[in-house]
Amino acid sequence: MNELEDVYVRLADMPATLYGFTRANCDGSYTVIVNSRLSPERRLKVYRHELRHINGLDFEKEYNVDLIEKIAHKRKG
Amino acid sequence: MYEKIKMLCKEKGISIRTLESACGLSHGSVSKWDKHEPSHGKLYTVADYLGVSVNYLLSENPDTDDTPVQKIEQQEVYYLDNDTREIAEFYHKNPQYRVLLDASRKIRPEDIDFVRQFLEKFGGDE
């Protein structure tokens with residue numbers, strides 16, 4: 001895993017099909033929002049998925065979101 | 001495989017180095033792919049960038065059924081709804097948002113709009 005960035009994690013009630021999302025903040029930190037409706041185990045998986053976006057530098061890539069998601073889902077760790 | 005990639009780069013008017021940079025690969029890594037097969041993720045990334053299928057890159061027969069250039073609509077997508085994909089793309093690219101999601105492939109546009117509502121209400125920056 002890359003050097004740890006400042007990652008803030010929040011829970012929010014959101015539609016069931018939206019598991020979570022991450023915003024790249026202006027100061028270089030990240031805010032991860034996880035769906036509070038999910039089970040604790042699923043929330044952890046979502047958090048790990050969002051960390052894959054951060055560690056994979058996906059916010060800097062110019063790929064379309066389809067490719068970014070497919071690659072993120074294939075990544076391990 | 002390397003020769004095939006080199007040919008495709010030439011057709012697109014780009015160098016191997018440019019391809020490597022665009023795909024997040026270290027310089028010189030593609031040239032090693034004839035001896036050491038890359039991970040599927042890296043292969044997929046390069047194939048998608050060049051507009052071909054992974055099978056085409058891996059095939060040793062130049063006269064395969066796969067044509068060098070695949071239409072975007074033939075490539076497998078993640079988001080199944082076109083409007084959703086456009087919104088997700090907007091969230092990703094727009095400097096005001098810079099958001100990536102973890103969502104069901106079937107998520108509807110009205111559900112993904114939650115992101116906009118949330119950020120407008122709470123700002124998002126810590």
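Begin with the open sheet: four strands stand in the order β1(A)-β3(A)-β2(A)-β1(B), with mixed pairing (two strands pair if DSSP finds at least two bridges between them; strands are DSSP runs of E of at least two residues, helices are runs of H or I of at least four, and both are numbered from the N terminus). This is a predicted model, in which local features need pLDDT of at least 70 and side-chain atom pairs count only at pLDDT 80 or more, while totals for chains, interfaces and linings use all residues. Residues are numbered from 1 along each chain as its sequence is written, chains are lettered from A and ligands numbered from 1 in the order in which they are written, and side-chain values use heavy atoms, with hydrogens and water left out.

Select next β1 (7-12) of chain A and β1 of chain B. These strands stand at the edges, each with a single partner strand, so one side of each is left without a neighbour in the sheet. From one strand to the next, the twist averages 15 degrees.

Now display the place where the two chains join in the sheet. Strand β2 (residues 18-24) of chain A runs antiparallel to β1(B), and five bridges join them. Along this seam, A:T22 stands opposite B:L100, and A:G20 stands opposite B:D102. Strands of a sheet pair through backbone hydrogen bonds, either parallel or antiparallel.

Add helix α6(B) to the view. This helix lies across β1, β2 and β3 (30-35) of chain A together with β1 of chain B, and runs at about 40 degrees to β2(A) (axes are lines fitted to C-alpha atoms, for helices over the stretch in contact, and angles run from 0 to 180 degrees between N-to-C directions).

Then select the whole interface. The contact (heavy atoms within 4.5 Å) takes 35 residues from chain B and 39 residues from chain A. About 3,400 Å² is buried between the chains, 58% of it from carbon and sulfur atoms; buried area is the accessible area (1.4 Å probe) that two parts lose on being put together, summed over both.

Which side chains meet in a salt bridge? Select B:R85 and A:D66, which do so at 2.6 Å, N to O (a side-chain nitrogen of Lys or Arg within 4 Å of a carboxyl oxygen of Asp or Glu). The pair crosses from helix α2 (residues 65-74) of chain A to helix α5 of chain B. The count between the two chains is one salt bridge.
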